[in-house]
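Biologist: Hi, do you have a few minutes to walk me through this one? I'd like to get a feel for it before I head back to the bench.

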Amino acid sequence: MPTLFDPFPLRGLTLKNRIALSPMCQYSSEDGFATDWHLAHLGARAVGGVGLILTEATGVEARGRITPNCLGIWKDEHIPGLRKVTDFLRARGAASGIQLAHAGVKASRQRPWNSHPNAFVPVAEGGWMPVGPSALRFGEDGPVPESLSIEAIHAVRESFAAAARRAVEAGFDLVELHFAHGYLGHSFLSPLMNTRTDAYGGPFDHRVSFLRETVKAVREAIPSSMPLLVRLSCSDWADGGWTIDDSVEVARLLARDGVDLIDCSSGGASRAAKIAAAPGYQVPFAERIRRDAGVPTGAVGMITEAKQADDIVRHGQADLVLLGRELLRDPYWPLRAWTSLSASPPAPIAKEYAWALAETKR
Ligand SMILES: Cc1cc2nc3c(=O)[nH]c(=O)nc-3n(C[C@H](O)[C@H](O)[C@H](O)COP(=O)(O)O)c2cc1C
């Protein structure tokens, strides 16, 4: 079995290790543009030795942003700013991935550090009307979203494909589709958020059609050598919701459709969800999908220790370990993990720093 620091071949790409930066919103864009913030934030984790850097949820449409300050890729003008970031990551030996997203019913919100975090931003104040599979409000606040027509669903699918084409031009090494956390993609999958009775709602096969059609459209938009990842909420943790069995079933279909790895998250469809959060609490989802659907998986969620991460890979529970908040705390986590595991491959650190550390014998 491989270890945390062994390379990971994924379609035409080989990651230098099994450590990934989990997508994390930065709320630091205007009109969707990447800024120096993104270069510094993502770049620091690449310098720190992360093998795969994933961007935050990046809107495929302007109305698909969670907040007016989220990153976007809905127009060609966004490409050069992103290119600057991917060029830097590549020069540091890290692979770059973009998380393509549409916030759906959870769109048009205040960023977390505003005086009313997560409150709906009305149209008159620069917000917009959210859309979803069904006219179902999420929680108590915010407007009832507009239910997408069949034509509008097709248009969103094409927005994902167009965004993927721009991502290739921007120099990304892979694409991840965000179908988790109650945003648009996930809201089609979950019976708690999707009450349609047409080809996109009702039975399992209908609820997964938006996902499968989007995967096919994106697969055609990117080179055949480029890996395609899907982030799923593997369980809604709520009665009547999407389950891990559903996730296994859709993962089998997605593997046939050309998806290379399932990034296994959970939750987000219901405020009534009872989530048993604890260290590594989502790892069993990654393990189950990997085993029963025969597709590579990524594990994420409260993974903070080097041995914990290494064991996940060594024991075959997942192929990739994604870290979110721990990499915010410590961009050099891979270097520390490498030291504490006494791993044998070369240290995952930029030569500029490796030289200085050796020089000072620290
Ligand atoms: C500040 C912040 C922003 C996040 N933004 C995203 C996002 O854009 N897309 C996504 O799929 N998950 C997002 N997440 C979830 C993380 O990717 C990750 O799944 C979660 O934090 C659990 O991992 P951790 O315990 O290592 O932090 C975010 C989490 C945080 C803390």
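**A chat about the strands and the ligand shell**

Modeller: Happy to. Let's begin with one pair in the sheet: I262 stands opposite T297 in β11. Please keep in mind that this is a predicted model.

Biologist: Which strand pairs with β11 there, and in what sense?

Modeller: Strand β10, residues 261-265, pairs with β11 in the parallel sense, over three bridges. Between β10 and β11 the chain passes through helix α8 (residues 283-293), and this β-α-β crossover is right-handed.

Biologist: And which way do the residues of β11 point?

Modeller: T297 and A299 point one way and G298 and V300 the other, and all of them are buried.

Biologist: What does β11 pair with besides that, and over how many bridges?

Modeller: β11 (residues 297-300) also pairs with β12, again in the parallel sense and over three bridges. In that pairing G298 stands opposite L320, and A299 has V321 as its bridge partner. Helix α9, residues 306-314, joins in with β11 and β12 to make a right-handed β-α-β unit.

Biologist: Is β12 buried or exposed?

Modeller: Buried, on both faces. L320 and L322 lie on one side of β12 (residues 320-323), with V321 and L323 on the other.

Biologist: A299 has come up twice now. What is it in contact with, away from its sequence neighbours?

Modeller: Leaving out residues within four places in sequence, A299 is in contact with C264, Q282, V283, A286, I312, Q317, A318, V321 and L322.

Biologist: Nice list! Which residues touch the most other members of the largest nonpolar core?

Modeller: V175, I262, A299 and V321 do, in a core of 99 residues. Helix α3 (residues 150-169) gives this core its largest share, six residues. As a general point, nonpolar side chains tend to be buried together in soluble globular proteins.

Biologist: Let's follow the sheet the other way. What joins β12 to β3?

Modeller: Three bridges, with the two strands running parallel. L21 of β3 has L323 as its bridge partner in β12. β3 also pairs with β4, in the parallel sense and over two bridges, and there A20 is partnered by L52.

Biologist: And after β4, which strand is joined to it?

Modeller: That would be β5 (residues 95-101), which runs parallel to β4 and is joined to it by six bridges. I53 stands opposite S96 in β5. The chain gets from β4 to β5 through helix α2, residues 79-91, in a right-handed β-α-β crossover.

Biologist: How many residues of β4 are buried?

Modeller: Eight of its eight residues.

Biologist: Switching topic to the ligand. How many residues surround it, and which are the closest?

Modeller: There are 20 residues around the ligand, and the closest are S22, M24, A57, G324 and R325. β4 (52-59) and α10 (325-329) each supply at least two residues of that shell.

Biologist: What's the chemical mix of the shell?

Modeller: Nine nonpolar residues, seven polar and four charged.

Biologist: Okay, backbone oddities next. Where should I look for a positive phi in a residue other than glycine?

Modeller: Y27 is one of them, with phi near 50 degrees. H181 also has a positive phi, near 65 degrees. For background, most residues other than glycine have a negative phi.

Biologist: Where do Y27 and H181 lie?

Modeller: Both are in loops. Y27 is found between β3 and α1 (36-47), while H181 lies between β8 (174-179) and α4 (184-189).

Biologist: Why does Y27 count as buried? And why is H181 buried?

Modeller: Y27 counts as buried because it has 20 C-beta neighbours inside 10 Å. H181 is buried because 21 other C-beta atoms lie within 10 Å.

Biologist: One more loop residue, M226. Where is it, and why does M226 count as buried?

Modeller: M226 is found in the loop between α6 (209-221) and β9 (228-233). M226 counts as buried because it has 22 C-beta neighbours inside 10 Å.

Biologist: What is M226 in contact with, beyond its sequence neighbours?

Modeller: With those within four places in sequence left aside, M226 is in contact with R11, G12, L174 and V175. M226 and D260 are 34 residues apart in sequence, and their C-alpha atoms are 9.3 Å apart in space.

Biologist: Great, thanks for the tour!

Methods
Residues are numbered from 1 along each chain as its sequence is written. This is a predicted model: local features need pLDDT of at least 70, side-chain atom pairs count only at pLDDT 80 or more; totals for chains, interfaces and linings use all residues. A residue is near a molecule or strand if its C-beta atom, placed from the backbone, lies within 6 Å of it. Helices (H or I, at least four residues) and strands (E, at least two) are DSSP runs, numbered from the N terminus. Ala, Val, Leu, Ile, Met, Phe, Trp, Tyr, Cys and Pro count as nonpolar, Asp, Glu, Lys and Arg as charged, and the others, Gly among them, as polar. A nonpolar core is a set of buried Ala, Val, Leu, Ile, Met, Phe, Trp, Tyr and Cys residues joined through C-beta atoms within 7 Å. A residue is buried if 20 or more other C-beta atoms lie within 10 Å of its own, exposed if 12 or fewer, and partly exposed in between; C-beta atoms are placed from the backbone. Two residues are in contact if their C-beta atoms, placed from the backbone, lie within 7 Å. Two strands pair if DSSP finds at least two bridges between them. A crossover is right-handed if, with the strands pointing away from the viewer, the path from the first strand over the helix to the second runs clockwise.
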